[in-house]
Amino acid sequence: MTHQLPPLPFAPDDLKPIISDLTIGFHYGKHHQAYVNNLNNLIGGTPYEDAPLQTIIQKAPAGPIFNNAAQVFNHTFYFEQFKSMNEVKKRPENELLRAIEKSFGTYDKFVEAFSKAAATLFGSGWAWVIRDQDGGVAITQETNAGCPLAKKQIPLLTCDVWEHAYYLDYQNKRPDYIKAFWDILDWSVIERRFRI
Ligand code: MN
């Protein structure tokens, strides 16, 4: 099986001024593409050659195959949740909102907790929102290529805090990137993920 770079659900300059087309050009065009290429090169002649991406993430031991497979999934999941500021659904509603309120009290407290998790993650990694066993939601931190699928968790939302995600636009100011991130996050995508 050859893994492919999936198309973006937005034009490269649609996320401005939150994320520039320059960042998208490197992050999607170079980094995400490189994870796809590396994965295809690494799995040839291994038991993972014909496996779906999710199976590779759940079965591969720590190492290059896991890292590249997880990074392919993580980046696809990250880019899928964005749209231009004018097009996004700005707030969750209905069951997802109720799940957030059950776990965090209010939407604003949830935003605060997730932003803190993303800001305080040491080094490179990902902040995640996952659906927990009881139908509620929880926030997790994963370093490097860490991926909820590897723990059989159901991911709902993610923020990439590798420096390549924000350095061209925000330099060292990771908290500014995380604050702006909410303006391009399309809650209709997160609601769809929650319903599945
Ligand atoms: Mn990245």
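## Glutamate 142, a buried acid

Start with glutamate 142: at 8% relative accessibility, this residue counts as buried, because the cut-off for buried is under 20%. Keep in mind that what you have here is a predicted model. Glutamate 142 is found in strand β2, and its C-alpha atom is separated by 5.6 Å from that of glycine 125, although the two are 17 residues apart along the chain.

What is glutamate 142 in contact with, leaving aside its neighbours within four places in sequence? The list runs to Leu121, Gly125, Trp126, Trp128, Cys147, Lys151 and Gln153.

## The manganese site

Four residues supply the protein donors of the manganese ion: His27, His75 and His164 through NE2, and Asp160 through OD. These donors lie 2.0 to 2.2 Å from the metal. If you want to pick them out along the chain, look for the spacing H-x47-H-x84-D-x3-H.

Are aspartate 160 and histidine 164 buried or exposed? Both are buried.

## The nonpolar core

In soluble globular proteins, nonpolar side chains tend to be buried together. Here, the largest nonpolar core has 63 residues, and the members that touch the most others are Phe110, Leu157, Tyr177 and Trp187. Helix α3, residues 64-80, gives the most to this core, with nine residues.

Leucine 157 is a good place to zoom in. Not counting residues up to four places away in sequence, leucine 157 touches Phe77, Gln81, Phe110, Phe114, Ala127, Trp128, Val129, Phe181, Leu185, Trp187, Ile190 and Arg193. Two of the other names from the core list, Phe110 and Trp187, turn up among those contacts.

## Helix α4 and its partners

Two packed helices are described by the angle between their axes and the distance between the axes. Take helix α4 (residues 94-104) and helix α5 (residues 107-120): their axes come within 8 Å and cross at roughly 70 degrees. α4 and α5 are therefore roughly perpendicular to each other. On the α4 side, the contact is made by Leu97, Ile100 and Phe104, and on the α5 side by Tyr107, Lys109, Phe110 and Ala113. Sorted by class, that contact has six nonpolar, no polar and one charged residues. Leucine 97 of helix α4 is in contact with Pro92 and Tyr107, leaving aside its neighbours within four places in sequence. The C-alpha atoms of leucine 97 and valine 137 are separated by 9.9 Å, with the two residues 40 apart along the chain.

α4 also packs with helix α8 (residues 187-195), at an angle of about 85 degrees and with the axes 9 Å apart. That makes α4 roughly perpendicular to α8. Glu95, Leu96, Ala99 and Ile100 of α4 meet Trp187, Ile190, Glu191 and Phe194 of α8. By class, this contact has six nonpolar, no polar and two charged residues. As for α8 itself, its buried residues are Trp187, Val189, Ile190, Glu191, Arg193 and Phe194. They pack against α3, α4, α5, β1 (125-131), β2 (137-143) and β3 (154-160).

## Isoleucine 154 and serine 84

Isoleucine 154 lies in strand β3 and, at 35% relative accessibility, counts as partly exposed. Not counting residues up to four places away in sequence, isoleucine 154 touches Val129, Ile130 and Arg131. Isoleucine 154 and glutamate 87 are 67 residues apart in sequence and 26 Å apart in space, C-alpha to C-alpha.

Serine 84 is found in the loop between α3 and α4. This serine is buried, with a relative accessible area of 10%. Leaving aside neighbours within four places in sequence, serine 84 is in contact with Asp14 and Leu15.

## Backbone oddities

Most residues other than glycine have a negative phi, and most peptide bonds are trans. Where does this model have a cis peptide bond? One joins lysine 16 and proline 17, with omega about 0 degrees. Proline 17 has its place in the segment before α1 (21-43).

Then there is positive phi. Lysine 152 has a phi near 60 degrees; this residue sits in the loop between β2 and β3 and, at 63% relative accessibility, counts as exposed. Glutamine 171 has a phi near 50 degrees, also a positive value. Glutamine 171 lies in the loop between α6 (167-170) and α7 (174-181) and counts as partly exposed, at 34% relative accessibility.

Key: Residues numbered from 1 in each chain as written. Predicted model: local features only at pLDDT ≥ 70, side-chain atom pairs only at ≥ 80, totals over all residues. Heavy atoms only, no water. Core = buried A, V, L, I, M, F, W, Y, C linked by side-chain atoms within 4.5 Å. Buried < 20%, exposed > 50% of the residue type's maximum accessible area, 1.4 Å probe, protein only. Helix = DSSP H or I, 4+ residues; strand = E, 2+ residues; numbered from the N terminus. Contact = heavy atoms within 4.5 Å. Axes fitted to C-alpha atoms, helices over the stretch in contact; angles between N-to-C directions. Parallel < 35°, antiparallel > 145°, perpendicular 65-115°, else oblique. Nonpolar A, V, L, I, M, F, W, Y, C, P; charged D, E, K, R; others polar. Donors = N, O, S within 2.8 Å, 3.2 Å for Na, K, Ca; no water.
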